[in-house]
Amino acid sequence: MLRVLASDGIEKGAAKKLEELGLEVVQQFYEPDELAEQVKQFDVLVVRSATKVREPIIDSALTTGRLKLIIRGGVGVDNIDVAYARERGIAVCNTPNASSASVAELAIGHMFSLARFIGIANYTMREGRWEKKAYKGVEIAGKTLGLIGIGRIARETGKRAMALGMNVIYTNRSGHKPEYEPFVRYELDEMLPQCDYVSLHTPGPKGTPPILSAEKIGLMKKGAFLINTGRGNMVDTNALLDALDAGNLRGYGVDVYEQEPCTDERLLKHPLVSMTPHVGGSTVEAQERIGEEIVAHICREFNL
């Protein structure tokens with residue numbers, strides 16, 4: 001019997017489908033040392049963002065040779081040593097299509113939250129404070145949104161922003177491609193000064209320097225907003241908070257953090273920060289689509 005370890009859980013419909021196909025599905029989180037032992041007994045390892053699949057875990061799996069497939073239920077695979085696994089005969093895949101719409105909607109949600117003080121006003125009102133004069137916001141329509149990265153989530157974010165009346169431009173490393181139209185491409189240094197909003201959608205493998213360093217943050221338009229649903233280590237957080245304190249930037253919407261759970265007190269308590277706990281893909285619809293893609297990957301790998 002094929003055995004699947006879903007260390008960060010799996011959508012119940014997907015688990016049911018796999019069991020109907022004759023697989024055993026175990027949903028159990030293990031700390032790294034224990035995971036290294038447990039993984040020897042499974043054919044498939046399914047993870048989300050909480051579980052890190054590093055070289056020692058892969059090496060341990062190789063002692064029995066049973067593990068054939070690692071699936072990341074989500075977009076980024078920076079929590080998996082992908083090249084190391086593949087070089088040793090373990091396939092690695094993700095579910096890039098499933099959560100794009102959900103993450104894009106959250107990015108737009110943070111834009112509204114910051115533009116109209118939705119988060120902080122909700123908090124202060126519950127404290128009995130009526131601070132109407134303090135919450136004079138701005139409209140989104142007519143503003144320029146700059147996308148850093150132009151993958152699936154960025155394109156979905158751009159489509160929604162255009163529907164709201166925004167002008168959308170982007171920057172990426174690989175250059176312009178026709179399928180990215182109607183968005184116009186700029187180099188990063190050219191784009192940042194033009195944008196009222198900047199939304200970050202680029203991967204950040206461990207050890208990668210932040211794409212929005214202090215220098216790049218200094219290039220951003222005065223009063224701009226930054227949204228980060230990409231990776232926490234792609235922003236120099238201290239420089240970002242300094243820019244907020246100095247009045248150079250107007251707000252920061254963030255769903256991803258360099259360390260999770262986030263323990264940065266300065267970030268957690270800043271009144272110009274709209275925060276969510278890495279829930280970009282946490283919608284009913286996205287989880288169902290992720291489950292469907294996981295099942296499809298397993299069926300292809302094992303010819304089910």
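Start by selecting strands E6 (residues 144-148) and E9 (residues 197-200), which pair in the parallel sense over four bridges. Two strands count as paired here if DSSP finds at least two bridges between them. Helices (H or I, at least four residues) and strands (E, at least two) are DSSP runs, numbered from the N terminus. To see one point of contact, pick leucine 147, which stands opposite serine 199 in E9.

A word on what is on your screen: this is a predicted model, in which local features need pLDDT of at least 70, side-chain atom pairs count only at pLDDT 80 or more, and totals for chains, interfaces and linings use all residues. Residues are numbered from 1 along each chain as its sequence is written, and side-chain values use heavy atoms, with hydrogens and water left out.

**Around strand E6**

Keep E6 selected and add strand E7 (residues 167-171): five bridges join the two, and they run parallel. Which residue of E7 is the bridge partner of glycine 146? That partner is isoleucine 169.

Now add helix H7 (residues 152-163), and you have a right-handed β-α-β unit made of E6, H7 and E7. To check the hand yourself, turn the view until the strands point away from you: the crossover is right-handed if the path from the first strand over the helix to the second runs clockwise.

Is E6 buried or exposed? Five of the five residues of E6 are buried, so the strand is largely enclosed by the rest of the structure. Buried means under 20% relative accessible area, exposed means over 50%, and partly exposed lies in between (1.4 Å probe, protein chains only). Colour the two faces separately if you like: Thr144, Gly146 and Ile148 are on one side, Leu145 and Leu147 are on the other, and both faces are covered.

**Out to the whole sheet**

Zoom out to the open sheet of seven strands, with parallel pairing and the order E8-E7-E6-E9-E10-E11-E12. Its edge strands are E8 (184-185) and E12 (273-275), each of which pairs on one side only. Beyond E9, select strand E10 (residues 224-228), joined to E9 in the parallel sense over four bridges. Here valine 198 stands opposite leucine 226 in E10.

**A second β-α-β unit**

Next, move to strands E4 (residues 69-72) and E5 (residues 91-94), which run parallel and are joined by four bridges. The bridge partner of arginine 72 in E5 is asparagine 94. Add helix H4 (residues 82-87), and E4, H4 and E5 make another right-handed β-α-β unit.

While you are at E5, show the side chain of cysteine 93, which counts as buried at 15% relative accessibility. Why is cysteine 93 not bonded to cysteine 299? The sulfur of cysteine 299 is the closest cysteine sulfur, but it is 12 Å away, too far for a bond. A disulfide is a pair of cysteine sulfur atoms within 2.5 Å, and a search of the whole structure finds zero of them.

**Charged pairs**

Side chains of opposite charge can pair when their charged atoms come close. A salt bridge here is a side-chain nitrogen of Lys or Arg within 4 Å of a carboxyl oxygen of Asp or Glu, and the count comes to 17.

Three pairs to pick out:

- Glutamate 37 and lysine 40 meet at 3.2 Å, N to O; glutamate 37 is partly exposed at 44%, and lysine 40 is partly exposed at 23%.
- Arginine 185 and glutamate 187 meet at 3.0 Å, N to O; arginine 185 is partly exposed at 22%, as is glutamate 187 at 44%.
- Lysine 216 and aspartate 189 meet at 2.7 Å, N to O. This pair links distant parts of the chain, 27 residues apart: lysine 216 is in helix H9 (residues 214-219) and aspartate 189 in helix H8 (residues 188-191). Lysine 216 counts as buried at 17%, whereas aspartate 189 is partly exposed at 39%.

Then select Glu105, Glu156, Lys159 and Arg160 together: salt bridges that share partners join them into one network.

**Last stop: a nonpolar patch**

Finish on the surface with Phe112, Ile118 and Leu164, a nonpolar patch with about 240 Å² of accessible area together. Such patches are made of residues with over 30% relative accessible area and no salt bridge, with like charges joined within 9 Å and nonpolar side chains (Val, Leu, Ile, Met, Phe, Trp, Tyr) within 5 Å. The areas come from the Shrake-Rupley method with a 1.4 Å probe, and for residues only the protein chains shown count as cover. Isoleucine 118 lies in helix H6 (residues 118-126) and is partly exposed, with a relative accessible area of 48%.
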